[in-house]
Amino acid sequence: MKTNIEFKASAGLKKHIKEWQSWLLDERRYSPHTLDAYSRDLAEFFDFLSTHLSKEPDIDDLAQLEVRDFRSFLSFRSGQHIDKASLARELSSLKNFYKWLARHDILKNPAISVISAPRRPKVLPKALEADQTFNVIEVAGEFATNSWQGLRDTAIFTLLYGCGLRISEALSLNVGDVNDNDFLRIKGKGNKERIVPLLPIVAENIKKYVAECPYQFRHGEPLFVGARGDRLVPRIVQRQLQKIRAYLGLSDNLTPHALRHSFATHLLAEGTDLRSIQELLGHASLTTTQRYTDVQTETIRKEYEKAGLLSSSES
């Protein structure tokens, strides 16, 4: 494991930090990107602590920190205009490190458990209406450089909406992952696998793309490729969606993830139960999935407003 992040800490503490990073990567199966985020969060804390204590902290310092010390850190970061979501994530990373230290009998400090994350503003998932979603898929091929790339984009957008995948999950698919079965095995966050139904239209659009793609497909190699035959990166998909939303006059909220949100919201509107949607999306917690009930309520409210049955002041 390699990291260029510097920690203002004693030699002994740096040793434990490396052990914690290895645990996240090897045992918890965190991605390198997530590991990097956790490490940067922890580094911010040690940067603060080295100034707060007027020295590089060691294990004894971490054990003796009080509630007011942790709150001073949050106050300091808030004063740097860090948004609440980032602040909550930094606290979560710090608590993760302290839990690891306690689990390995290195130190225990109950003060950290008293600290609560700042309340984050409630943000509803941005979902498209059903006809808008189909319009996106219908025109997807018109903004590509050539026909095979247009078929590729159409296949990807159909996959995101038809199976509720994250863009990273779709682009990580390899040749052989999509076959003639009615289901698709997806490896999501934390390397957790889930099974999602593979709609005929999704399989059909992928086959059309594969048939016209100029590159030779070998089992186990990337399914979705770019102009040079390398695995397609999310930025290309995002750029294509930017063109589409400008053409269709849609909101800037139209991102690849919005198609996944639309998948969940439309299923809920059709009566699918939350537990099933949770499994399809691969959410670890049902609480995350419950956000879509708010989306559905907001949609119904807007329809009442359109019909003149509810004024905006009543909502």
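In the predicted model, the lining of the largest pocket receives its greatest contribution from helix H2, which supplies five residues. The space within this pocket amounts to about 1200 Å³, and of the 24 residues that line it, Tyr30, Ser31, Thr34, Lys189 and Gly190 are the closest to its centre. Helix H2, spanning residues 32-52, and strand E2, spanning residues 193-197, each provide at least two residues of the lining. By residue class, the lining of the largest pocket comprises six nonpolar, ten polar and eight charged residues.

Gly190, one of the residues closest to the centre of the largest pocket, also belongs to the turn of a hairpin formed by strands E1 and E2, in which five residues separate the two strands and Gly190 adopts a positive phi of about 70°. The pairing of E1 with E2 is antiparallel and extends over five bridges, with Leu184 standing opposite Val196 of E2. Along strand E1, which covers residues 183-187, the side chains alternate between two faces: Leu184 and Ile186 are buried on one, whereas Phe183, Arg185 and Lys187 point to the other and are not buried.

The largest nonpolar core contains 45 residues, of which Ile156, Phe157, Leu159, Leu165 and Phe224 touch the most other members. At least two residues of this core are supplied by each of helix H7 (130-139), helix H8 (147-163), helix H9 (167-171), strand E1, helix H10 (200-212), helix H11 (234-248), helix H12 (256-269) and helix H13 (274-281). Among these elements, H8 accounts for the largest share of the core, with eight residues. The surroundings of Leu159 illustrate the contacts made by one of these core residues: with residues up to four places away in sequence left out of the count, Leu159 touches Gly164, Leu165, Ala170, Leu173, Leu184, Val202, Ile206 and Phe224. Apart from the largest nonpolar core lies another core, of 34 residues, which includes Phe7, Leu49, Leu87 and Leu91. Leu184 thus appears both in the list of residues touched by Leu159 and on the buried face of strand E1.

Helix H11, one of the contributors to the largest nonpolar core, also contains Gln242. Gln242 is classed as partly exposed because its relative accessible area is 31%, a value that falls between the limits of 20% for buried and 50% for exposed residues. The C-alpha atom of Gln242 is separated by 7.9 Å from that of Asp252, a residue ten positions away along the chain.

Positive phi values also occur at residues other than glycine. Arg29, with phi near 60°, is placed in the loop between helix H1 (11-27) and H2. His81, which is not a glycine either, has a positive phi of about 65° and is located in the loop between helix H4 (67-79) and helix H5 (84-103). His81 is classed as exposed because its relative accessible area of 75% lies over the 50% limit.

Over the chain as a whole, the secondary structure consists of 15 helices and two strands. Of the 315 residues, 40% count as buried. Among the contacts in the chain with a separation of 6 or more, 62% are accounted for by residues 24 or more positions apart.

How values were computed:
Residues numbered from 1 in each chain as written. Predicted model: local features only at pLDDT ≥ 70, side-chain atom pairs only at ≥ 80, totals over all residues. Heavy atoms only, no water. 1 Å grid on protein atoms, 1.4 Å probe; cavity = no way out; pocket = protein on both sides within 12 Å on 5 of 7 lines; lining within 4 Å. Points joined across faces, edges and corners; volume = space filled by probe spheres on them. Helix = DSSP H or I, 4+ residues; strand = E, 2+ residues; numbered from the N terminus. Nonpolar A, V, L, I, M, F, W, Y, C, P; charged D, E, K, R; others polar. Buried < 20%, exposed > 50% of the residue type's maximum accessible area, 1.4 Å probe, protein only. Pairing = 2+ DSSP bridges. Core = buried A, V, L, I, M, F, W, Y, C linked by side-chain atoms within 4.5 Å. Contact = heavy atoms within 4.5 Å.
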